[in-house]
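Colleague: I have a model open and would like to go through its side-chain pairings with you. Could you take me through them slowly?

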Amino acid sequence: MTAVQSDTLQTLKEILDEVAGVPAEDVTPDSSFTEDLALDSLTVVSLFVLVQRRFGTEVPNEVFDQLTTVGKAVAYLERGEIPA
C-alpha cells in the first residue's frame, strides 16, 4: 500500500470512528461495512456523506452499492475504480 493509499485508509478509519465509534485497529481493507464492522444501512449512508465531504468527491448511487468493503472504498477514492 502506498503512502497515498495509507492516507486515504487512515482518513476512512477516522470517519468510521467519528460516525460509528469503530476503533481504527478494528478496520482493515478487507473489512465489510455491514458484516465485519456491523454498520446498519443508515450508518453506511452517513459514513459516505462524510466521505464525500472530506474527499470532495461524489459517489454515484450505482457505485455506492458496490463499495461493500473498506478496501473497495479506498480503491474508488484513490483511482475511481472498484476491485472485483
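**Salt bridges and aromatic pairs**

Modeller: Gladly, and please keep in mind that this is a predicted model. A good place to begin is arginine 79, which forms a salt bridge with glutamate 78, where the closest N and O atoms are 3.7 Å apart.

Colleague: Which other residue does arginine 79 form a salt bridge with?

Modeller: Arginine 79 also pairs with glutamate 81, and there the closest N and O atoms are 3.2 Å apart. Taken together, Glu78, Arg79 and Glu81 are linked in a network of salt bridges.

Colleague: Is arginine 79 buried or partly exposed?

Modeller: Arginine 79 is partly exposed, with a relative accessible area of 44%. Glutamate 78 counts as partly exposed at 23%, and glutamate 81 is partly exposed as well, at 42%.

Colleague: How many salt bridges does the count come to?

Modeller: The count comes to three salt bridges. One of them joins the side chains of glutamate 18 and arginine 54, with 2.9 Å from N to O. Glutamate 18 lies in helix 1 and arginine 54 in helix 2, so this pair ties together parts that are 36 residues apart in sequence.

Colleague: Why can side chains of opposite charge pair at all?

Modeller: They can do so when their charged atoms come close.

Colleague: Changing topic, how many aromatic pairs are there?

Modeller: There are two aromatic pairs. In one, phenylalanine 33 and phenylalanine 48 sit edge-to-face, 5.7 Å centre to centre and with 80° between the planes. Because phenylalanine 33 lies in the loop between helix 1 and helix 2 while phenylalanine 48 lies in helix 2, the pair ties together parts that are 15 residues apart in sequence.

Colleague: And which residue does phenylalanine 48 form an aromatic pair with besides that?

Modeller: Phenylalanine 48 also pairs edge-to-face with phenylalanine 64, at 5.2 Å centre to centre and 90° between the planes. Phenylalanine 64 belongs to helix 3, so here the parts tied together are 16 residues apart in sequence. Phe33, Phe48 and Phe64 thus form one aromatic cluster.

Colleague: Which of these rings are buried, and which is partly exposed?

Modeller: Phenylalanine 33 counts as buried at 2% relative accessibility, and phenylalanine 48 is buried at 3%, whereas phenylalanine 64 counts as partly exposed at 22%.

Colleague: What about the largest nonpolar core, which residues touch the most other members?

Modeller: That core has 21 residues, and among those that touch the most other members are Phe33, Phe48, Leu16 and Val70. Helix 1, helix 2 and helix 4 each supply at least two of its residues, and the largest share, five residues, comes from helix 2.

Key. Residues are numbered from 1 along each chain as its sequence is written. This is a predicted model: local features need pLDDT of at least 70, side-chain atom pairs count only at pLDDT 80 or more; totals for chains, interfaces and linings use all residues. Side-chain values use heavy atoms; hydrogens and water are left out. A salt bridge is a side-chain nitrogen of Lys or Arg within 4 Å of a carboxyl oxygen of Asp or Glu. Helices (H or I, at least four residues) and strands (E, at least two) are DSSP runs, numbered from the N terminus. Buried means under 20% relative accessible area, exposed over 50%, partly exposed in between (1.4 Å probe, protein chains only). A nonpolar core is a set of buried Ala, Val, Leu, Ile, Met, Phe, Trp, Tyr and Cys residues joined through side-chain atoms within 4.5 Å. Rings of Phe, Tyr and Trp (its six-membered ring) pair if their centres lie within 6.5 Å; planes under 30 degrees apart count as stacked, over 60 as edge-to-face and the rest as tilted.
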